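Subject: Structure handover

Hi,

Here is the structure to look through. Please open it beside this email.

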Amino acid sequence: MTPDARSVAGMTQVYETQADRTDLPLVVMPSVLDSMVEPIRSQFPQLHDIARVRMFEEFTDDEDVIASRLHDADVLLVGGYHISDDLLRRITGHGPKGAEEGHVRCIVFCGTGVASYVDLELAREFGVRVCNAEHYGDHAVAEHAFALMFELIRHVGELDADVKAGNWAWKGGDGLQLAGRRLGIIGLGGIGSTVASIAKAFGMEVSAWSSHVPEELFDRCGARPVADMNELIESSDVVSVHLPLIDGATRGIITAENLDHLRPGTLFINTARSEVIESGALLARLQRGDIPAGLDVFDHEPLKSSDAICQVPGIVLTPHVGWRTDGAFKELTRQMVECVRAFLAGGEYNVVVHE
C-alpha cells in the first residue's frame, strides 16, 4: 500500500500510512466516529517516520472485531466505546492466547474521562500507559449545557414540531429567562469556569462549589465561592455539574442527601459524568416529577429506550454529544497525536497511568 493510501477491507475503509515501514511501531484506531475521520487524518502527517498508522473508518464496539484489528498494534487510539477488562487483557497479551493476540503498550483515549471507559488499575497492573486529552472541549461542553438549559426553559424543539404540524398556539406555557436567575456550578475546572463566564454574559448570578481550584479562579470567572454543596444547591435556580470522574475523589460525591436540597422547579444539568452522582440517586430524585433536567451522560451508555430515566416526564436527554464540535475535534486529535509522539520518544504528555 502506498503512503497515505486507502483500501477496502471487506466493506470497511482502511486508512494506512507507511505500510512498508515495518521497522516502525504501529498505531491503530480500530473504530472511529464518522465525524472524527477527517480531523484525525489531518494530524497523522505529524507521525511520519515515527510510526505507521492504521485507521478503520467505521464505528464498531464489537470486541472480537476490535481485538482482531489490534493483534499487531503497539499503540491504541480509542474513542466512543468501553474497553472491558476482558478486551484489555486480550489486546495487551494477558488473555488466554498471550502475546499472540496483542501487545498494546499505550492506550490514547479521545476524551478526558478515561476512567469511565478503561479500568486504570488493571492497565497499571499490565504495564500499559494510558493517556487522555485535556480542555479540548471546554467551550463545546459548556455550550451544550446551555443548549440543554434553553430547551428546558424555551422548548424550542417542541415549538418547532408544533409549528410544522400547523399548531401556532403554544399551550406549553410561557418561557423562562436566564437573566437574573441564580446558577450553581458544581466543579469549577475548565468547563465549569467557561460555563460561569457565559452565564455572567447572560446576566445570571453565579455561585460555585469546587474543592480543588485556587480562589483567584472564582474571581476570574465571576463566581461566588460556596463551601457547602447543600447550600449551593438549595440557593440555586439552575444547578450544573462539571466535575471530572476521579476514583476515590469524585465518584459518587453528589449524594441522594445533596439532591434532596433541590427545590421544586430547579433546573438540573449534567454534561460531566453520571458516576459523580451516587448510583440511583438522580433517578430517584427526578421520579418525584418536580425537577426539570437536561442530561447528556448516563449510568449505562448507550442508553436504551427501556431505561427508567427515559420514562421520567419533563426532562431532556442527549446521547453524550456535548463534546462533539468541529473545534473540539481539532484540538482533541492534535492532543491524541501528541500523546503518541511523546510515548514513542520516551517523553510524557497527558499521562493518566504510567507504564
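Below are some notes on a helix pair, a pocket and two backbone details.

This is a predicted model, where local features need pLDDT of at least 70, side-chain atom pairs count only at pLDDT 80 or more, and totals for chains, interfaces and linings use all residues. Residues are numbered from 1 along each chain as its sequence is written, and side-chain values use heavy atoms, with hydrogens and water left out.

**Helix pair.** Helices (DSSP runs of H or I, at least four residues) are numbered from the N terminus, as are strands (E, at least two). The axes of H5 (residues 138–154) and H7 (residues 190–201) come within 8 Å and cross at roughly 55°. Axes here are lines fitted to C-alpha atoms over the stretch in contact, with angles from 0 to 180 degrees between N-to-C directions. H5 is therefore oblique to H7 (not under 35 degrees, roughly parallel; over 145, roughly antiparallel; or 65 to 115, roughly perpendicular). In the contact (heavy atoms within 4.5 Å), H5 supplies Asp138, His139, Val141, Ala142 and Phe146. H7 supplies Gly190, Ile191, Thr194, Val195, Ile198 and Ala199.

**Pocket.** The second largest pocket has a volume of about 260 Å³. A pocket is an open set of points on a 1 Å grid where a 1.4 Å probe fits, with protein on both sides within 12 Å along at least five of seven lines; lining residues have an atom within 4 Å of a point. The volume is the space filled by probe spheres set on the points. Helix H11 (residues 281–286) gives the most to this lining, with three residues.

**Backbone.** A cis peptide bond joins Glu301 and Pro302, with omega about 0°. Pro302 lies in the loop between strands E13 (293–295) and E14 (315–317). Gln18 is not a glycine, yet its phi is positive, near 50°.
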